[in-house]
Amino acid sequence: MTQRTFVLLKPDAVKRGLVGQILARFESKGLRIVALEQRTIDAAQADGHYAEHVERDFYPPLRDFVTSGPLVALVLEGDEAVQVVRALNGATDGRQAAPGTIRGDYSLSNRENLVHGSDSPESAEREIALWFPAL
Ligand code: CMP
């Protein structure tokens, strides 16, 4: 079933010059870019995106990280896009993510893990409405 999913290329991806390589993986897989924009977000926007994590111990440094510099927000579309993107991204912790995944190949951290992908179709709907209300 064709789905849309929301993806963030986090500030570490932009700082490290990995945006092109990461986008190439999504495009090579056959996913279509529906929207894409580089933005810098503030703490309130970070809290809105990570609403389910704001009370967690790991959240304050995560907020600092995602507001530390420009990131790239995008919407991808394709068959089973939510699950496909999560598989391409790999496990949350880059040290445990399988080689061949984005995090497995380029990250050694569970915070600075380069990418975010919606974890369900319901999250995708919420995140797309939050980041790209015109879609
Ligand atoms: P993401 O897919 O954006 O969803 C929540 C984010 O929180 C996750 O990627 C990581 O960047 C971060 N995260 C999750 N668990 C931890 C943790 N235990 N320590 C630090 N950061 C975490």
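Two residues are taken to be in contact when their C-beta atoms, placed from the backbone, lie within 7 Å. The structure examined on this basis is a predicted model. Under that criterion, and leaving aside residues up to four places away in sequence, Leu76 touches Arg4, Thr5, Val7, Phe26, Leu31, Arg32, Ile33, Val34, Ala81 and Val85.

Leu76 also leads into the interior of the model. The largest nonpolar core comprises 23 residues, and Leu76 is listed with Val7, Leu9 and Val115 as having the most contacts inside it. At least two residues of this core are supplied by each of strand 1, helix 2 (19-29), strand 3, helix 5 and helix 7. Strand 3 provides the largest share, with 5 residues. As a general background, nonpolar side chains in soluble globular proteins tend to be buried together.

Helix 7, one of the contributors to this core, may be considered in its own right. In this helix, which spans residues 121-131, the buried residues are Ala124, Glu127 and Trp131. These residues lie on the same side of helix 7, because the arc they cover around the axis is only 75 degrees. Glu122 and Ala129, by contrast, are exposed on the other side of the helix. Which elements receive the buried residues of helix 7? They pack against strand 1 (2-9), helix 3, strand 3 (71-79) and helix 5.

Attention now turns to the ligand. The residues around the ligand are His53, Phe58, Leu62, Thr92, Asn110, Arg111, Asn113 and His116. By class, this shell consists of 2 nonpolar residues, 5 polar residues and 1 charged residue. The unreviewed UniProt entry carries a "binding site" annotation that covers Lys10, Phe58, Arg86, Thr92, Arg103 and Asn113. Phe58, Thr92 and Asn113 thus appear both in the annotation and among the residues around the ligand.

Two of these residues are placed in loops. Phe58 belongs to the loop between helix 3 (43-49) and helix 4 (59-66). Is Phe58 buried or exposed? Phe58 is exposed, because 10 other C-beta atoms lie within 10 Å, and a residue with 12 or fewer is assigned to that class. Thr92 is located in the loop between helix 5 (81-89) and helix 6 (102-106). Thr92 counts as partly exposed, because it has 15 C-beta neighbours inside 10 Å. Not counting residues up to four places away in sequence, Thr92 touches Asn110 and Asn113, and both of these asparagines are likewise found around the ligand.

Notes. Residues numbered from 1 in each chain as written. Predicted model: local features only at pLDDT ≥ 70, side-chain atom pairs only at ≥ 80, totals over all residues. Near = placed C-beta within 6 Å. Nonpolar A, V, L, I, M, F, W, Y, C, P; charged D, E, K, R; others polar. UniProt positions renumbered as here; feature names shortened; annotations may be inferred. Helix = DSSP H or I, 4+ residues; strand = E, 2+ residues; numbered from the N terminus. Buried ≥ 20, exposed ≤ 12 C-beta atoms within 10 Å, placed from the backbone. Arc of directions from axis to C-beta. Core = buried A, V, L, I, M, F, W, Y, C linked by C-beta atoms within 7 Å.
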